[in-house]
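Work through the following exercises with the sequence and the model at hand. Each task is followed by a solution in steps.

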Amino acid sequence: MEKQINGAKIVLQALRDNGVQHIFGYPGGAVLPIYDELFQQEDIEHILVRHEQGATHAAEGYARSSGKCGVVLVTSGPGATNAVTGLTDALMDSIPMVCITGQVPTHLIGADAFQEADTVGITRACTKHNYLVKDVNDLARVMHEAFYVATTGRPGPVVVDIPKDVQFAMGNYLKPTAVKHKSYQPKVKGDMEAINAAVDLIANAKKPVFYTGGGVINSGPQASQLLREFVKLTGYPITSTLMGLGSYPSADKQWLGMLGMHGTYEANLAMHDCDVMINIGARFDDRITGALDKFSPDSKKIHIDIDPSSINKNVVVDVPIVGDVAHVLEDMLRVYKSRAVTPDKKALSSWWKEIEGWRDRNCLAYRKDDKAIKPQYAVERLYELTKGPDTFITTEVGQHQMWAAQYYRFEDPNRWMTSGGLGTMGYGIPAAVGVQVANPKGLVIDIAGEASAMMTMQELSTAVQHRLPIKIFILNNEYMGMVRQWQELLHGGRYSNSYSEALPDFVKLAEAYGATGIRAEKPSELDDAIKRMVDTDGPVIFDCIVTKEENCFPMIPSGAAHNDMLLADDQGLEVEVSDEGKALV
Amino acid sequence: MSEQATATHTISVLVDNEAGVLARVIGLFSGRGYNIDSLTVAEVDQSAHMSRITIVTSGTPQVIEQIKAQLGRLVPVHRVVDLTVECESVERELALVKVSGKGEARVEALRLSEAFRARVVDATPESFVFEITGNSEKIDAFIELMTPLGLQEASRTGAAALARGPEPM
Ligand SMILES: Cc1cc2nc3c(=O)[nH]c(=O)nc-3n(C[C@H](O)[C@H](O)[C@H](O)COP(=O)(O)OP(=O)(O)OC[C@H]3O[C@@H](n4cnc5c(N)ncnc54)[C@H](O)[C@@H]3O)c2cc1C
Ligand SMILES: Cc1ncc(C[n+]2csc(CCOP(=O)(O)OP(=O)(O)O)c2C)c(N)n1
Ligand SMILES: [Mg+2]
């Protein structure tokens, strides 16, 4: 018989056997046995955060930038409840994560014991799956299963709740054999009939557009490679969601920029007017579709997605293909090539002419200012001075996030980490911590808003402790700018509670943390200041004072159609928004 | 899409009989705003620890497709079949119906129960508890008829259903 080991050792062994090198966590009574095991080994590095929410976002940044699974370790009760925001964030953005939570001993469960929370109950709706392990002999299997479920199919967060007595109990360790779950078997290969039907549509399209999303990133670098090949082969235009940025190089001329609420004019009009839409790993989110009944009314729609529930959820499509992007694209490319398709050159060139007309609107143009720093200008300069294959950008949530998406440019996948689905302010700093752990040599920059940065600022202390030289680049407009913009648009300019009052002096704050603070207030000093930031070895807070009441354009007001965009040179923001539209978020 | 008609569907779900699986299914319905008209669950294969959940729900075809896909996404779910559209099926529900009364009404209740093939499982000089099995419409009809005759309360199991024919689903 195999030697028995305690539950805490089983956890560590399972982590090792699943290739885990880093975990993000925070100790407490209910996980002390696991912390004790961590102390006595050197294979796995533990990054101590300052708040459990930080651990979850750090794990997300780690996962998104490396393609690996993010791992979190927190205690019972408040440790677990603090992790809920990050779990929900990972669920919405399809990020693979395993979160281990401590639990009160099994015989106390249900007794309102000290630091007891119904963790599996609370996290059921914000995880892909969760487990409460009551028997130490289930622990190894559950741990392996958790990694399998988190990383395969549509990735997502998985919670493993382990009572303290189970961590102490002696049991058998099982190696992760080729896991085949009884009921969970995601499908990766697409149906060939559907792929053939899709190729028919693609080959005969006159006004096609590729609409790509986070699924391409989830599928891995191979998927981006295949996407590039396919797009080049067809000569068709391509746009991407916020979550898909980097899967196609933004420098390429077939690239139309991001689409959606704050997407480019050309991308949105191409979506509206196309005759064939090729959705690859995107989920017809409401930030993309706007008014559903006016969404791309005349197109045939192809949808590649690994999750059957994404198909026909918001938009009914003509050719659904359930499968993994890389697998499906490989088959699709093969079929496409074998048919020796020649795209309709004439139709395509007049489609491109139309698109060029939209491009000429130059929708991202903004009025320059030589006295004050425009936020768009700040991101443009940041891009020019920091671009490169080893630069990683995270963001918070708000206007700065949209400006980052619009003015920073990405050539490769896994370089852009943002909270898209949940829109979690406070994501960017801890995410940057995780990215830097996964990419110790990388230049990791959180493009932040001053309000968001305040939500998880304490993780700067994590960065200092672990010598993670992240750069927090705050576009400081002294407003919750995105809220203010909506109040301007929908609530008569009554800026109810959207002003950032009593802000700290960010330079001094950085110094208080043992980091470096840099401030830029004038365009003339911006470049030098950015260079100083890049040249600083340790973590930096960069307080970039920008014009306060700038609005983020283009914008499709909620409830409007793609061809109803507001552009920067439109007069003010006095648009008619229907009551129905106002009720949307 | 919004113009699509809603219809009632019976969905059969085979699941691992593990802790919390019912909470997952119910949480899915409440969290996403789907209707549950009835829901039954019990272990149906002890050695394989499998349970069958039978859900009667209503929605447009698009909503029903979503419900199926969302159920299929739950990790402990093995199979999901829409018995209303994917096959011919049989559906039965059992109800216990308590009727109290004397004289003419009591006689009439007993007479009607025979017409419905209900059985008397409890009787006192002034009450009956009937056991009735059938599809849900039949039980609705029986309860409606009992209402003026002294209906006190009813307990219904919700629908159990299987596909017709020799094969398992
Ligand atoms: C303030 C704010 C403004 C925003 N404005 C915009 C905007 O203007 N434009 C915009 O695009 N977004 C915007 N967003 C983001 C938006 O809310 C959504 O998060 C985003 O549009 C979703 O991206 P996606 O469709 O690529 O889906 P994701 O959330 O990335 O989902 C990926 C899809 O791919 C599937 N998938 C996963 N893995 C695979 C695989 N291996 N193979 C195949 N399929 C797979 C999944 O099942 C899922 O359906 C905004 C967010 C915020 C906070
Ligand atoms: C946790 C959380 N609370 C509230 C919101 C709503 N919200 C969205 S953007 C925003 C303002 C963000 O302000 P700031 O970080 O300064 O960014 P700016 O828009 O000014 O660039 C708020 C409050 C949110 N997205 N997340
Ligand atoms: Mg701000």
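A polar contact is a pair of N or O atoms within 3.5 Å; within protein, one must be able to donate a hydrogen and the other to accept it, and residues adjacent in sequence count only if both atoms are side-chain atoms. This is a predicted model, in which local features need pLDDT of at least 70 and side-chain atom pairs count only at pLDDT 80 or more, while totals for chains, interfaces and linings use all residues. Residues are numbered from 1 along each chain as its sequence is written, chains are lettered from A and ligands numbered from 1 in the order in which they are written, and side-chain values use heavy atoms, with hydrogens and water left out.

**Exercise 1. Chain B and T10(B)**

Task: Describe the order of helices and strands in chain B, then place T10(B) in a strand and find the side chain that it contacts.

Solution.
- Step 1. Helices (H or I, at least four residues) and strands (E, at least two) are DSSP runs, numbered from the N terminus. Chain B contains 4 helices and 9 strands, and their order along the sequence is β-α-β-β-α-β-β-α-β-β-α-β-β.
- Step 2. The C-alpha trace of chain B spans about 55 × 45 × 35 Å along its principal axes. Of the 169 residues in this chain, 40% are buried; buried means under 20% relative accessible area, exposed over 50%, and partly exposed in between (1.4 Å probe, protein chains only).
- Step 3. T10(B) belongs to strand β1, residues 7–16 of chain B. Its relative accessible area is 3%, so T10(B) is buried.
- Step 4. The side chain of T10(B) makes a polar contact of 2.9 Å with the side chain of E91(B).

**Exercise 2. The shell around ligand 1**

Task: Which residues come nearest to ligand 1, and how much of its accessible area does the protein cover?

Solution.
- Step 1. A residue is near a molecule if one of its heavy atoms lies within 4 Å of it. There are 37 residues around ligand 1, and G214(A), T241(A), H262(A), R283(A) and D305(A) come nearest.
- Step 2. An oxygen atom of ligand 1 lies 2.7 Å from a backbone N or O atom of G214(A), and an oxygen atom of the ligand is 2.9 Å from a polar backbone atom of G420(A). A nitrogen atom of ligand 1 is 2.8 Å from a polar side-chain atom of D324(A).
- Step 3. On its own, ligand 1 has 990 Å² of accessible area, and the protein covers 96% of that. Accessible areas come from the Shrake-Rupley method with a 1.4 Å probe; for residues, only the protein chains shown count as cover.
- Step 4. In chain A, α10 (214–219), α13 (286–289) and α17 give two or more residues to the shell around ligand 1. The most come from α10(A), with 4 residues.

**Exercise 3. Ligand 2 and the magnesium ion**

Task: Find the polar partners of ligand 2, then list the protein donors of the magnesium ion (ligand 3).

Solution.
- Step 1. Ligand 2 is surrounded by 17 residues, the closest being Q399(A), G423(A), S452(A), Y479(A) and G481(A).
- Step 2. An oxygen atom of ligand 2 lies 2.8 Å from a polar backbone atom of Y479(A). For G481(A), the distance from a polar backbone atom to an oxygen atom of the ligand is 2.7 Å. In N477(A), an N or O atom of the side chain is 3.0 Å from an oxygen atom of ligand 2.
- Step 3. Ligand 2 exposes 590 Å² when taken alone, and the protein buries 76% of that.
- Step 4. Donors are N, O and S atoms within 2.8 Å of the metal (3.2 Å for Na, K and Ca); water is not among the atoms, so sites may look incomplete. The protein donors of the magnesium ion are E450(A) (OE), E450(A) (OE), N477(A) (OD1) and Y479(A) (O), at 2.1 to 2.8 Å. Their spacing along the chain is E-x26-N-x1-Y.
- Step 5. N477(A) has a relative accessible area of 6% and is therefore buried; Y479(A), at 11%, is also buried.

**Exercise 4. Backbone geometry in chain A**

Task: Where is P554(A), and is D112(A) buried or exposed?

Solution.
- Step 1. The peptide bond between F553(A) and P554(A) is cis, with omega about -5°. P554(A) sits in the loop between β20 (540–545) and α24 (579–583) of chain A.
- Step 2. D112(A) is not a glycine, yet its phi is positive, about 55°. D112(A) lies in the loop between β5 (97–103) and α6 (119–123) of chain A, and it is exposed because its relative accessible area is 71%.
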